[in-house]
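Welcome to a short guided tour, made for following along in your viewer. Have your selection tool ready, and we will go from stop to stop.

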Amino acid sequence: MNQKVKLPIGIENFEKMRTEGFYYVDKTGLIKELLDNWGEVNLFTRPRRFGKSLNMNMLRYFFEYGCNSELFGGLEISAERGYCEKYMGKFPVISVTLKGVSAMDFAGAKAMLRTIIGNEAMRFLYLMDSPNLANDEKESYRQLTALDSTGRQKFSMSDDMLTDSLRTLSGLLCKHFGQKPILLIDEYDVPLDKAQQYGYYDEMVTLIRNLFGQALKTNDSLYFAVLTGCLRIAKESIFTGLNNLKVFSVTHSRFASWFGFNTGDVKQLLEYYHLEEKFELIRKWYDGYRFGETEVYCPWDVINYVDLLRAEPKAFPRAYWINTSGNHIIRQFIRMAAPGTRREIEALVAGETVTHRIRQELTYRELYDSIDNLWSVLFTTGYLTQRGAETADTYRLAIPNLEIRQIFVEQVQEWFQEEARKDTSRLDAFCAAFPQGDADAVERQFNAYLHKTISIRDTAVQDAKKENFYHGILLGLLSHREDWVVTSNVESGDGYSDILVELEEEGVGIVIKVKYAKNGDLEKGCIDALEQIERMGYGELLLENEMNTILKYGIACCKKKCKVQLASLPAAFSAE
């Protein structure tokens with residue numbers, strides 16, 4: 001069998017995927033399920049990178065160009081002859097994506113919206129010659145596309161025409177074809193997200209409300225519409241009076257398997273590329289989402305990692321999803337967290353669940369109004385998933401997988417460093433205690449820091465891995481001293497030391513070994529750490545770098561407690 005050599009990283013065009021040899025996970029069953037259960041307006045809310053845009057493009061090609069067997073031949077929908085004969089290639093389709101409406105001001109956003117809708121209208125230039133359209137209707141089309149007398153497009157449609165653009169275009173297509181069109185709007189909520197960020201939210205809400213109201217509520221020319229987005233915006237905001245809206249969110253079981261990969265999809269993909277042994281690793285890193293009652297993998301992660309494995313068979317998993325967002329939501333969530341919420345974050349990172357009411361109808365203006373709203377946002381955007389419902393709107397929430405756990409851990413660490421730097425005098429005193437050999441002061445201050453931070457507990461990994469959290473906190477605190485040379489996991493003696501510090505002007509070197517105190521035995525943890533420093537010769541690099549005095553610290557940690565011991569005399573010794 002000739003293997004397909006390309007994986008569809010970033011490909012959202014169904015035709016390109018099917019005609020240019022890309023691997024495709026068959027999601028055409030969505031078509032039949034949509035036709036069996038559609039409403040006049042259908043909204044699918046899913047986190048980013050779960051295949052929404054590709055599915056929307058697939059719908060467009062089925063309803064508009066579906067007679068091309070090369071696109072759908074051999075796929076699940078092709079076996080549904082009744083559906084294909086009745087619907088395939090039988091509709092004009094208006095397809096727009098609003099993900100590009102991301103300007104820093106309202107005028108720029110409107111210009112982007114004009115361009116997007118104008119470009120879509122330009123696909124139907126044959127309307128200018130349609131015998132079914134009157135002259136005034138052709139003039140409406142000319143205004144919609146902003147064509148000048150030479151046929152060039154200027155994207156200068158008026159505000160009134162912009163508001164009415166989707167309804168006008170659907171009406172013209174309906175009259176030309178004698179068939180009501182289907183309207184597809186992908187990433188409908190991106191303009192609102194950007195407007196909130198840049199300060200023109202009220203203006204954008206009014207524009208989107210009027211645009212959607214004309215296209216979706218008062219449009220007798222429309223067959224049906226499909227919208228996708230991350231959040232369901234409250235009806236009192238942009239869907240005012242839209243009583244024909246059917247919402248299929250991440251809590252619904254219907255349509256759950258058509259967005260993202262299921263276990264069968266992943267196993268088939270790995271078998272295809274002879275990577276079956278990587279299944280368990282991929283499951284831990286990228287599985288764990290639950291849409292309704294269906295377990296779902298993030299397809300963006302799986303495809304990217306499989307592509308990497310084909311080039312580097314021993315490559316470790318990477319956090320691909322994190323690189324598609326600034327993760328400002330988690331950062332804001334942690335900053336707003338009171339002590340009780342911080343304990344819940346600790347439980348989540350440890351693999352436990354917390355129970356919260358989820359509001360699935362929010363406006364972007366409300367996202368950061370309260371910590372309760374942020375729980376809802378983390379859930380709907382994919383940073384948390386559900387492990388079962390307590391009531392109709394209350395769920396047991398969990399971090400889906402190791403990738404998202406890593407995002408939380410990194411954001412917790414960044415937050416802690418920011419908090420620590422706010423009190424520079426305290427941080428200076430903590431750092432100064434190390435070269436002074438004041439183990440009691442180091443222990444007292446480090447305990448205070450640990451009490452304040454969000455503990456990263458992990459019962460599922462080896463003790464050495466648990467040490468990484470405490471190692472990271474300590475490394476960040478010591479890095480406050482820009483005049484010190486602070487290194488981590490550097491080769492020294494017969495191994496790699498945790499932390500080495502060099503005070504070059506004073507000729508003082510510091511060796512620190514952090515131990516996780518199993519069963520809470522902090523005393524033994526310190527002794528083991530100091531013995532390891534001696535046994536492995538972790539101070540040798542400091543001697544080579546001409547540090548005249550070397551201090552050796554053993555630090556044992558468990559939960560939010562630590563103990564610090566300085567090596568007994570001679571704890572400082574001369575390089576001679």
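Select α14 and α17 to begin: these two helices are oblique to each other, because their angle is neither under 35 degrees (roughly parallel), nor over 145 (roughly antiparallel), nor 65 to 115 (roughly perpendicular). The axes of α14 and helix α17 (residues 402-421) come within 10 Å and cross at roughly 50°. Here, axes are lines fitted to C-alpha atoms, for helices over the stretch in contact, and angles run from 0 to 180 degrees between N-to-C directions. Helices are DSSP runs (H or I, at least four residues), as are strands (E, at least two), and both are numbered from the N terminus.

A word on what you are viewing: this is a predicted model, where local features need pLDDT of at least 70 and side-chain atom pairs count only at pLDDT 80 or more, while totals for chains, interfaces and linings use all residues. Residues are numbered from 1 along each chain as its sequence is written, and side-chain values use heavy atoms, with hydrogens and water left out.

**Stay with α14 and α17**

α14 passes α17 in a right-handed crossing (the near helix is turned clockwise from the far one by less than a right angle; anticlockwise would be left-handed). Show the side chains of I330, R331, I334 and R335 on α14, then I407, F408, Q411, V412, E414, W415 and E418 on α17: these make the contact (heavy atoms within 4.5 Å). Sorted by class, the contact has six nonpolar, one polar and four charged residues. Nonpolar covers Ala, Val, Leu, Ile, Met, Phe, Trp, Tyr, Cys and Pro; charged covers Asp, Glu, Lys and Arg; the others, Gly among them, are polar.

**Next, add α16**

Keep α14 (residues 328-336) and select α16 (residues 371-380), whose axes come within 10 Å and cross at roughly 150°. That angle makes α14 roughly antiparallel to α16. Their crossing is left-handed. Which residues of α14 meet α16? They are I329, I330, Q332, F333 and M336, and their partners in α16 are I371, L374, W375, V377 and L378. This contact has nine nonpolar, one polar and no charged residues.

**Finally, zoom out**

Show the whole protein chain, which has 22 helices and 19 strands. Its C-alpha trace spans about 100 × 55 × 50 Å along the principal axes. Of the 576 residues, 54% are buried (under 20% relative accessible area, with a 1.4 Å probe and protein chains only).

How values were computed: Buried means under 20% relative accessible area, exposed over 50%, partly exposed in between (1.4 Å probe, protein chains only).
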